[in-house]
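Colleague: I would like to learn how to read a sheet and a metal site in a model such as this one. Could we take the features in turn, with the general idea before the case?

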Amino acid sequence: MQQPDPKEIMILNRIVVTSVVVMFIVIIAIYLLLFSGKTGQYSDFEDYIFGTYVRVRISSTVNPSTVSKAIFNEMKRLEGKYDPHSENSVLYQLNHANGWAVVDDETLALIDLALKYARQTEGAFDPTLGRLVDTWGFSKFTQHEAEGSGFVVPTMSEIQEELVNSGYNKVAVDYVGKKVNTNGVWIDLGGMLKGYALKRAYQIAKEYDTKCHGFVETGGQIMILGPKYNKANWVIGIRDPRGQPGENVGMVYLKEGSIATSGDYERFFIVDGVRYHHIIDPKSGLPANGAISATIISSDPVVADAFSTAAFVLGEKSWLFTRTVFPKYGAEVFLVTPKGKILQTDNFRFYEQPDK
Ligand code: AMP
Ligand code: MG
């Protein structure tokens with residue numbers, strides 16, 4: 001038998017060692033590529049939608065920029081489709097239809113949901129205040145544009161006139177023909193649209209990557225995509241309605257679900273020392289005055305949004321109704337009264353505990 005050449009053995013050894021090292025490097029690179037997102041590297045994205053800044057903080061194995069772009073695009077689609085003041089929007093056409101109008105499935109479902117929230121809150125949430133919101137002028141400009149905008153308080157007779165042409169009971173829905181008849185009221189989904197947009201944002205993020213985590217925030221509402229670093233609570237402050245941004249009246253700890261706040265500081269004008277804001281009491285047609293902020297925690301972001309508007313309208317006077325009925329629909333409440341007193345549903349306290 002021929003003895004192997006020691007030189008050949010050395011070359012062979014070198015090839016084996018080099019292959020092992022290269023394989024090792026490739027495995028590490030693949031591991032880093034696949035799992036670096038899961039170790040908690042967050043990417044932040046921001047866009048201006050619904051008259052406010054929308055922020056996405058996400059950790060995902062799919063390119064986070066792709067996911068956030070898809071979220072922003074969906075939100076812009078909803079903003080355009082349901083802007084009651086843009087002549088091309090579905091809502092504008094429905095409000096100006098004069099009789100029955102055929103609507104698409106998404107619109108039918110949203111209107112059906114809005115009417116359900118109206119019934120559940122005994123009309124405190126009323127998606128048919130479009131004419132009143134318009135008369136008050138809150139549709140025309142955002143908070144940032146309010147100063148010096150020449151805001152005029154409407155007269156009582158103007159308000160009465162628009163009140164007659166409001167009221168969720170007037171809206172008729174034909175589920176077979178997929179038709180809606182507003183009977184003269186103007187539908188305004190402003191009190192729940194951001195919540196719905198956050199629901200869609202969550203669905204889109206999970207379609208890309210079921211294991212993604214982080215949160216999506218629109219002015220006043222947060223939808224959690226998953227716990228911080230996949231294990232910890234997100235710490236969320238409840239803003240002091242009379243403080244600066246960053247000054248809080250409460251703190252909550254959430255791993256999932258949504259938190260929404262309706263406040264009289266979001267869109268308002270002060271005329272002769274009186275604050276006029278964008279949340280209207282459907283009974284009087286005037287800005288609701290029984291609270292200065294209302295926060296809801298719910299697993300469903302649409303519930304959180306609609307019920308925060310409703311809790312604000314119901315205020316301190318109807319607190320017994322709110323604290324009894326809202327938790328039945330999965331909404332826990334934190335209300336700040338005009339004097340700064342805090343009222344909470346029993347289970348809200350659960351979210352104030354950091355180590356649960
Ligand atoms: P939010 O900031 O979620 O409380 O929503 C306020 C927006 O909802 C307003 O800008 C109006 O477009 C609309 N809105 C005002 N009052 C009500 C109400 N009582 N019920 C439902 N939507 C309302
Ligand atoms: Mg709302």
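**Reading the sheet and the metal site**

Modeller: Here an open sheet of 8 strands follows the order β1-β2-β6-β7-β10-β13-β14-β15 with antiparallel pairing, where strands are DSSP runs of E of at least two residues and helices are runs of H or I of at least four, both numbered from the N terminus, and two strands pair if DSSP finds at least two bridges between them. The edge strands, each pairing on one side only, are β1 (43-49) and β15 (342-344). This is a predicted model, in which local features need pLDDT of at least 70 and side-chain atom pairs pLDDT 80 or more, while totals for chains, interfaces and linings use all residues. Residues are numbered from 1 along each chain as written, chains are lettered from A and ligands numbered from 1 in written order, and side-chain values use heavy atoms, without hydrogens and water.

Colleague: In which sense do β6 and β7 pair, and over how many bridges?

Modeller: Strands of a sheet pair through backbone hydrogen bonds, either parallel or antiparallel. Strands β6 (residues 213-218) and β7 (residues 221-226) pair in the antiparallel sense over 5 bridges, and F215 stands opposite I224 in β7.

Colleague: Which residues coordinate the magnesium ion (ligand 2)?

Modeller: Donors are N, O and S atoms within 2.8 Å of the metal (3.2 Å for Na, K and Ca), and sites may look incomplete because water is not among the atoms. The magnesium ion (ligand 2) is coordinated by G191 (O), D305 (O), D305 (OD) and T309 (OG1), at 2.0 to 2.5 Å.

Colleague: Why are D305 and T309 separated by about one helical turn?

Modeller: Because they are 4 residues apart in helix α9 (residues 301-314).
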